[in-house]
Amino acid sequence: MTKDKLGWAIPLMRLGYAGKGLVYLAVAGISLYSIWRGGQAQDTSSALGWLENTLWGGVTLFVILLGMFAYALWRVIDAAFDLEDYGSKAKGIVARIGMLVTGAIHLGIGVLAFSLLFGGSDQGQGSSIPRYVGAVMQWPGGRWIIGIAALLIIGAGIHYMKQGWTNEYRQQLQANQFTTRWNPILKAGLIAHGIVVGVVGLLFLFATWRANPQQAGGTGEAFSWLSGQVYGQILVIGICLGLVGFAVFCFVNAAYRIVPKVSGPDIQSLAAKLNSYSR
């Protein structure tokens with residue numbers, strides 16, 4: 001397909017990343033507020049449930065709802081047409097499958113936001129992941145399925161951390177004064193996100209190893225596990241601050257992400273600009 005025919009997907013991408021940024025900003029901000037008040041860091045469900053009861057929470061939830069559905073659809077289109085030019089070799093196929101998985105996860109967040117907005121839901125009361133994991137474990141080969149999912153999640157976490165540490169993400173962002181100035185925050189945010197995703201994968205792996213679905217969990221359970229480590233509270237606060245940076249990373253992607261098959265070859269990437277400074 002030509003650039004003109006694919007251009008309509010860009011607004012979808014922008015709305016999707018904006019909604020994703022709002023989700024992480026809510027989780028990190030509400031978690032930091034809860035810790036300051038003597039509580040614990042919150043998971044996505046609890047954070048969105050908290051938003052439901054605030055003055056502008058309904059509007060925010062509606063934007064998140066639109067954003068999550070847009071992000072899920074963007075990932076399907078991105079994978080189908082290979083808009084980011086990953087290719088059809090093994091590595092590219094894995095990357096495109098990963099897009100579909102992340103799209104499905106964010107579609108689930110969109111469904112959660114919908115249920116909170118339009119009532120009749122008991123969501124926002126904590127993670128339902130252990131219940132779903134327990135159901136899958138009852139299937140033939142269910143523990144293997146959860147184990148493979150755990151390895152994939154850990155792999156995704158490592159991928160995010162690697163992207164942040166090695167500055168790979170710079171190749172996907174347009175170079176301008178804003179992205180250059182905020183680059184350290186983008187880097188820290190991506191690494192923090194990778195740590196949380198990796199811990200979630202470890203929890204799934206623990207659940208598989210011990211055949212105990214209650215040990216699986218999402219963001220909230222990852223925060224709980226981290227808080228139990230040495231200097232855990234300081235670590236959780238640092239990760240939450242990092243997730244604020246990841247929210248900024250998502251907003252920056254909404255505005256300045258380069259989509260190779262649509263954006264065109266004449267846009268300078270952040271990587272190219274920073275490399276020219278170091279020469």
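Select E168 to begin: in this predicted model, E168 has a relative accessible area of 25%, so it counts as partly exposed. Now add K162 to the selection. The two side chains form a salt bridge, and the closest N and O atoms sit 2.4 Å apart. K162 is also partly exposed, at 44% relative accessibility.

While salt bridges are on screen, pick R75, D78, E84 and R257 together. Salt bridges with shared partners join these four residues into one network. Start inside it with R75 and E84, whose side chains meet at 3.2 Å, N to O. Colour this pair by accessibility and both R75 and E84 come out as buried. Next, swap R75 for R257. E84 makes a salt bridge with R257 as well, at 2.7 Å, N to O. Trace the backbone from one partner to the other: E84 is in the loop between helix 4 (57-81) and helix 5, R257 is in the loop between helix 11 and helix 12 (260-263), and the two are 173 residues apart, so that the pair links distant parts of the chain. R257 is buried, just as E84 is. How many salt bridges does the model have in total? The count comes to five.

Back to the neighbourhood of E168. Select N167 and check its backbone torsions: phi is near 65 degrees, a positive value in a residue other than glycine. N167 belongs to the loop between helix 7 and helix 8. Stay in that loop, which runs up to helix 8 (177-181), and click on Y169. Is Y169 buried or exposed? Its relative accessibility is 1%, so Y169 counts as buried. Add L186 and draw a C-alpha to C-alpha distance: Y169 and L186 are 8.9 Å apart in space, with their positions 17 residues apart in sequence.

Now show helix 7 (residues 142-166) and helix 9 (residues 183-209) as cartoons and hide the rest. Their axes are 7 Å apart, and the helices pack at an angle of about 165 degrees. Angles over 145 degrees count as roughly antiparallel, and helix 7 and helix 9 are therefore roughly antiparallel to each other. Rotate the view to look across the pair: helix 7 passes helix 9 in a left-handed crossing.

For another positive phi, jump to Y231. Its phi is about 55 degrees, although Y231 is not a glycine. Where should you look for Y231? It lies in the loop between helix 10 (219-227) and helix 11 (232-256). Turn on the surface there: Y231 has 65% relative accessibility, so it counts as exposed.

Keep the surface on for the last stop and select F69, L107, V111, F114 and F118. Together these residues form a nonpolar patch on the surface, with about 470 Å² of accessible area. Which helix gives the most to this patch? That is helix 5 (residues 90-117), with three residues. Finish by clicking on V111, which is found in helix 5. At 47% relative accessibility, V111 counts as partly exposed.

Technical notes:
Residues are numbered from 1 along each chain as its sequence is written. This is a predicted model: local features need pLDDT of at least 70, side-chain atom pairs count only at pLDDT 80 or more; totals for chains, interfaces and linings use all residues. Side-chain values use heavy atoms; hydrogens and water are left out. Patches are made of residues with over 30% relative accessible area and no salt bridge: like charges are joined within 9 Å, nonpolar side chains (Val, Leu, Ile, Met, Phe, Trp, Tyr) within 5 Å. Accessible areas come from the Shrake-Rupley method with a 1.4 Å probe; for residues, only the protein chains shown count as cover. Helices (H or I, at least four residues) and strands (E, at least two) are DSSP runs, numbered from the N terminus. Buried means under 20% relative accessible area, exposed over 50%, partly exposed in between (1.4 Å probe, protein chains only). Axes are lines fitted to C-alpha atoms, for helices over the stretch in contact, and angles run from 0 to 180 degrees between N-to-C directions. Angles under 35 degrees count as roughly parallel, over 145 as roughly antiparallel, 65 to 115 as roughly perpendicular and the rest as oblique. A crossing is left-handed if the near helix is turned anticlockwise from the far one by less than a right angle, and right-handed if clockwise.
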